[in-house]
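Me: I would like to learn how to read a fold step by step, starting with strands and ending with the chain as a whole. Could you take me through it?

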Amino acid sequence: MPEWLRSFIYDEMGGSYEPDRNAFQNNLSSDEEKNRKYLGTYFPRSFTESYCIFANLFDNTAYVEAMKIKDSVSILSFGCGTGGDLMGLLEAISEKMPWVENIDITAYDGNFNAVVMLKSIVEQPNNKQRFKRLKVDYAPVPMTKPDDFPLFCGVIKKSYDFVVSLKMVNELYRNNIIANKPYAAFLGELASKLTETGVMLLLDVPLKEKGNWLATLMSRGLREFLKSNDGYDAIVPLPCYVLGRKCNERCYLSWTFYGDIFASEPVTYCMLARKELAHSVCKGLSKGDYVINDSNECCKKVRGTKTIDAFNLRKN
Ligand SMILES: C[S@@+](CC[C@H](N)C(=O)[O-])C[C@H]1O[C@@H](n2cnc3c(N)ncnc32)[C@H](O)[C@@H]1O
């Protein structure tokens with residue numbers, strides 16, 4: 001995390017480090033004080049996860065080739081909270097794709113306090129000066145009933161180069177805003193918002209909810225989505241690109257990212273893109289035994305001769 005951002009969240013905004021997984025299971029109604037704890041504890045983790053995942057994508061030659069013609073990019077951050085994930089993405093863009101000058105962001109979250117904090121961070125001069133134009137539309141409106149999710153997605157008419165959602169779906173599932181098949185439903189509504197070269201990142205905490213491990217629901221949800229949406233492919237984890245919609249394994253997907261601040265915890269995630277881009281991004285990568293989680297388990301369906309990290313889009 002850059003020094004200006006670290007000092008801004010702790011010294012200026014009063015972020016404090018107080019990890020408590022149970023206390024942060026429902027963040028929609030967090031008040032200002034709780035959001036300051038989130039800012040000091042979980043914002044840096046989301047920053048690191050998002051930064052590492054996108055920096056890895058931006059080291060993929062075919063992806064960068066497709067993006068080289070763009071000096072403007074658009075981002076939809078769905079469940080943005082205080083913005084750790086959004087800031088990690090902006091950091092990776094400014095470092096790895098310096099030709100991008102203009103950024104258009106739609107930041108959606110139902111917690112007004114969190115969105116106010118995100119606004120101060122995004123509009124901090126050190127952040128703004130990195131780009132020629134940085135435009136943000138903030139939408140602090142909560143979803144309170146199941147119909148709200150498709151309704152909200154229905155009013156998003158733009159297409160985005162990045163659709164990013166970190167650690168939100170578990171809350172929507174727990175509170176029955178999306179009562180069943182949460183990841184398939186989420187991908188089903190939001191993947192259509194991707195541009196031709198758009199990439200979607202869906203990441204969550206690997207908790208057990210309603211008797212289901214979310215890290216297993218993630219792989220099932222990805223597969224269910226791919227089965228009924230032929231125009232898209234997974235790019236991460238890589239074996240889901242290779243076998244994707246034809247697989248029926250119950251995989252536990254998890255990975256841990258180590259940042260420079262405090263402890264880290266495993267997360268579960270996947271990324272997808274429209275078919276043509278997914279093919280360019282993945283076709284040159286080596287095949288092998290893909291390690292799909294922190295316990296070093298390998299994908300049982302796609303096998304090879306060497307061991308490969310299933311989440312790595314860099315050529316190896
Ligand atoms: C754990 S936080 C994640 C925030 C951010 N993406 C990050 O990684 O730091 C989950 C976010 O989802 C939002 N959220 C949860 N349920 C929601 C709902 N029903 N409507 C709108 N936002 C919701 C919360 O307000 C919270 O900011």
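Me: In which sense do strand β1 and β4 pair, and over how many bridges?

Reply: A word of caution first: this is a predicted model. To read a pairing, one looks at its sense and at its bridges. Here strand β1 (residues 72-78) and β4 pair in the parallel sense, over three bridges, and one of the residue pairs can be named, since S77 has V164 in β4 as its bridge partner.

Me: What does β4 pair with in the parallel sense over six bridges?

Reply: One follows the bridges onward from the strand in question. In this model β4 pairs with β5, again in the parallel sense, over six bridges, and V164 has L201 in β5 as its bridge partner. V164 is thus a residue to follow from S77 on to L201.

Me: Why can strand β4 be described as largely enclosed by the rest of the structure?

Reply: For a whole strand, one asks how many of its residues are buried. In strand β4 (residues 160-166), seven of the seven residues are buried, and the strand is therefore largely enclosed by the rest of the structure.

Me: Does L201 count as buried or exposed, and with which residues is L201 in contact, leaving aside its neighbours within four places in sequence?

Reply: Burial is read from a count of neighbours, for which the cut-off is 20 or more other C-beta atoms within 10 Å. L201, which lies in strand β5 (residues 194-204), counts as buried because it has 22 C-beta neighbours inside 10 Å. Leaving aside neighbours within four places in sequence, L201 is in contact with I53, V164, Y269 and M271. By way of a distance along the chain, the C-alpha atoms of L201 and G211, which are 10 residues apart, are separated by 25 Å.

Me: Which residues are closest to the ligand, and how many surround it?

Reply: A ligand shell is read by its members, their elements and their chemistry. The ligand is surrounded by 22 residues, with S46, G81, G110, N111 and L166 the closest. At least two residues of the shell come from each of α3 (43-57), α5 (84-96) and α9 (169-174), and the shell divides into 11 nonpolar, seven polar and four charged residues.

Me: What radius of gyration does the protein chain have, and with what value does it agree?

Reply: One sets the radius against what a compact globule would give. For 316 residues that would be near 20 Å, and the protein chain, at 18 Å, agrees. The chain has 13 helices and 11 strands, and buried residues make up 46% of its 316 residues. Among contacts with a separation of 6 or more, 76% join residues 24 or more positions apart.

Note on methods
Residues numbered from 1 in each chain as written. Predicted model: local features only at pLDDT ≥ 70, side-chain atom pairs only at ≥ 80, totals over all residues. Near = placed C-beta within 6 Å. Helix = DSSP H or I, 4+ residues; strand = E, 2+ residues; numbered from the N terminus. Nonpolar A, V, L, I, M, F, W, Y, C, P; charged D, E, K, R; others polar. Buried ≥ 20, exposed ≤ 12 C-beta atoms within 10 Å, placed from the backbone. Contact = placed C-beta atoms within 7 Å. Pairing = 2+ DSSP bridges. Rg over C-alpha atoms; globule rule 2.2 N^0.38 Å.
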